[in-house]
Amino acid sequence: MNNLHLKNGHIVDPANNINEVKDLWIQGSRFVDKNEIEKSSCLEVIDLEGKMVLPGFIDLRCHPRNVTGGSTENICSISKTAAQGGYTSILGMPNISPFIDNPGDARYATECAERDAVIKFYLAGALTEKSEGNKLSPIGSLKESGIKAVTDCPYSTQNNEIFVKGVEYAAMFNLPVIDFPRELSLSKHGTAHDSKIALSMGLGGYPRMAEEIFVQRSITVSKNLEVPIHLSSISSRGSVELIHDAKSKGVFITADTTPHHIFFDDRMITDYDANFKTHPPLREESDQKALLSGLREGTIDAICTAHEPHQDYLKQAEYDIAPAGVTSLDTCFSAIFTRFSEELNDLAFECAKWLSFNPSKILKIEGGNLASGMCADFVVINPKEKKIYTEKDTCSLASNNPFYGKKLISVIEKTFVDGKVVFDKN
Amino acid sequence: MNWNRTSLLGLEDLTVEEITIILELASEFKRNLQNKVLPSKNLKGKRIVNLFMEPSTRTRVAFEIAAKSLSADVISIASQSSSLTKGETLKDTANNIQALGADAIVIRHPSAGSPLFLSKTIPVPIINAGDGSHEHPSQALLDIFTLQQKLGRLDNKNITILGDILFSRVARSNLWGLKKLGAKVTLVGPSTLVPREFEKLGAVVSHDVDKSLKNADAIMLLRIQHERQSTSHFPSLEEYTKIFGLNMERAKLLKPNAIILHPGPINRGVEIDSSIADSKNSVILQQVSNGIAVRMAILYLCANSSNLQ
């Protein structure tokens with residue numbers, strides 16, 4: 001049996017309020033107490049002096065594009081990219097090929113994931129058929145086929161009746177509902193944040209209102225049905241306010257934002273660089289500030305990667321024709337660590353909450369916890385090292401990552417899933 | 001001559017000096033055209049490619065005539081006949097055109113920013129002939145050329161632009177150019193087509209046509225583009241015409257010497273009363289003929305830029 005003794009590492013474990021240098025023991029796939037380790041078995045000692053140990057990250061939104069094959073991304077390549085970024089569990093959105101809105105394809109994708117993924121790859125099923133918003137998917141059967149959540153991300157169910165029924169129906173199966181809040185009639189021609197910049201560039205605006213109206217819808221639905229709803233990829237300052245107010249009144253609403261929305265603003269697109277065309281669009285400095293304080297105050301619970309791979313030739317095109325979305329599974333943690341490095345003392349502790357502990361609660365999955373008895377999903381980080389990431393480093397088949405070429409603080413050294421190394425920097 | 005550019009992508013980042021260089025050269029070419037003499041400055045042996053991925057008559061023809069007047073070889077590609085309809089990317093098209101030996105590319109494209117994209121992709125001078133709702137520099141330069149002919153210096157002149165500003169590349173390019181030359185630019189139209197944010201770009205925004213006409217030294221009308229505006233921007237063409245159209249009654253509010261411009265094509269009876277379009281104050285056809293000289297200047301400066309430096 002594979003037994004490990006992690007020595008001298010700085011353990012960051014918000015689930016158990018631990019943030020100190022401490023040893024950890026692993027027997028097989030689980031954390032155990034020191035005295036539980038069988039004396040006869042061999043014990044590998046890893047000295048982690050100067051390193052941090054965090055619970056493995058859990059992503060709430062990524063887009064694998066294909067179950068297998070394809071030239072943009074698939075479950076195998078996305079899982080390797082995730083392992084590079086310290087992720088031990090990721091949730092793939094249903095808009096892959098084949099589309100996850102029926103139990104047959106869900107079963108097929110789940111089986112492929114078990115075979116191909118180097119980490120725990122979970123699937124979200126579509127809330128409505130083809131995510132077109134007209135008819136509910138067979139949510140109960142999808143759950144039996146292994147899905148962990150339902151969502152129409154990167155779209156949002158436009159029809160209010162269908163959305164409400166979907167939330168109500170999914171709750172019966174204890175399935176988390178994730179809404180990507182986007183009112184389409186206000187944003188269908190929008191390729192950039194509706195601002196002075198989009199106006200002078202002649203780009204169609206995707207206003208904050210398009211997001212906020214649907215954020216309010218989810219809050220109202222959650223409040224009336226008393227059912228949790230998770231809001232994905234929040235970008236607007238108004239959304240942060242709405243969520244803050246709802247939470248203070250006890251509504252079961254949770255939310256995440258993305259690394260690019262807290263790192264960049266819409267000034268990045270002034271050269272029509274489609275590598276900064278994101279989904280939702282990059283907004284203004286004031287939105288960024290609201291998102292940052294929303295994270296610090298706990299209004300925003302998590303950070304998702306919104307990893308959306310696209311082939312180069314599609315991104316190297318006219319801005320309005322190029323698809324929206326960027327990759328970020330491999331750089332997400334370092335980007336966040338860099339963004340907050342001068343602002344937060346307990347940064348690693350906060351990161352562990354945003355990237356691991358809170359997502360595990362939202363998805364109702366194991367992980368995000370280093371206590372004895374829990375699965376040994378964790379990541380070893382060197383918080384001092386700096387690195388410039390490039391497309392040469394990534395396992396992703398795509399390279400549309402706006403963080404490439406930037407010097408980021410902190411490096412993922414090793415990622416462990418169920419006590420086994422799935423990524424080693426060396 | 002202090003011209004260091006190879007491409008003309010828009011007026012937003014041109015200097016006053018660069019605008020002046022283009023317009024002075026346009027005056028020279030205009031005299032050549034009027035006297036029917038071949039200009040001594042020419043583009044003999046140069047190959048100009050007109051790449052028009054959006055329908056256009058007047059701009060495309062004006063660029064063709066301008067290139068031919070400079071003795072250049074000109075090839076026009078319209079989107080219906082190119083590989084674009086077969087799904088080739090703009091990058092591939094550009095590389096192919098470069099491989100065919102173009103000395104300059106004049107591009108009209110429905111996507112904002114595509115001329116910039118081309119200029120970063122291939123080392124060939126790119127001239128923007130209209131990109132989405134972004135810029136239409138040759139149109140604004142010919143408008144400014146015409147305005148200067150009629151009004152002289154433009155500093156402190158009141159120029160009113162009336163119509164669909166939101167979707168208009170002509171309005172944006174004129175705003176940048178006119179502001180640089182010291183004019184006061186008022187944008188007028190319904191709030192849905194003239195959002196307040198235009199104030200942040202240096203314009204005065206108004207929804208009161210009558211008031212904005214009274215002070216105007218020139219009024220530029222923009223076409224109401226039926227195909228672009230869904231019913232959500234204003235209730236109907238009838239209502240638009242009633243509240244924002246330039247009719248005989250409203251024209252009386254104008255100063256006697258105020259001039260009327262329109263980049264065309266005109267919707268007679270919608271944004272402008274037919275008789276006003278043909279009145280003595282209208283310079284609409286002079287704009288068209290000035291467009292040749294201005295485009296000759298642009299082509300000469302860009303396609304010849306390697307020799308000028």
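Two strands are taken to pair if DSSP finds at least two bridges between them. The model analysed here is predicted, and its strand pairing was examined in chain B and then in chain A.

In chain B, strand S1 (residues 47-52) is joined to strand S2 (residues 73-78) by six bridges, and the two strands run parallel. Within this pairing, Arg47(B) is placed opposite Asp73(B) of S2(B). The connection between S1(B) and S2(B) passes through helix H2 (residues 58-69) of chain B, giving a β-α-β crossover that is right-handed. S1(B) is also joined by five bridges to strand S3 (residues 104-109) of chain B, again with a parallel course. Here Ile48(B) has Ala104(B) in S3(B) as its bridge partner. Of the six residues of S1(B), five are buried, so this strand is largely enclosed by the rest of the structure.

In chain A, an open sheet is formed by six strands in the order S3-S2-S7-S18-S19-S20, with mixed pairing. The edges are occupied by strand S3 (18-21) and strand S20 (420-424) of chain A; each has a single partner strand, so one side of each is left without a neighbour in the sheet. On average, neighbouring strands of this sheet are turned by 25° against each other, direction ignored. At the S20(A) edge, four bridges connect S20(A) to strand S19 (residues 407-417) of chain A, and these strands run antiparallel. Lys414(A) stands opposite Asp424(A) of S20(A).

Two helices of chain A lie across strands of this sheet. Helix H11 (residues 332-340) of chain A lies across strand S7 (52-55), strand S18 (378-388) and S19 of chain A, and runs at about 140° to S19(A). Helix H12 (residues 347-363) of chain A lies across strand S2 (10-13), S3 and S7 of chain A, and its direction is at about 25° to that of S7(A). Strand S7(A) is thus crossed by H11(A) and also by H12(A).

Cysteine pairing was considered next. A disulfide is a covalent bond between the sulfur atoms of two cysteines. A search of the whole structure returned zero disulfides over all chains. For Cys395(A), the closest cysteine sulfur belongs to Cys76(A) and lies 9.0 Å away, too far for a bond, given that a disulfide requires cysteine sulfur atoms within 2.5 Å. Cys395(A) is partly exposed, its relative accessible area being 31%. Cys42(A), in turn, is exposed, with a relative accessible area of 59%.

Key
Residues numbered from 1 in each chain as written. Chains lettered and ligands numbered in written order. Predicted model: local features only at pLDDT ≥ 70, side-chain atom pairs only at ≥ 80, totals over all residues. Heavy atoms only, no water. Axes fitted to C-alpha atoms, helices over the stretch in contact; angles between N-to-C directions. Contact = heavy atoms within 4.5 Å. Buried < 20%, exposed > 50% of the residue type's maximum accessible area, 1.4 Å probe, protein only. Right-handed = clockwise from strand over helix to strand, strands pointing away.
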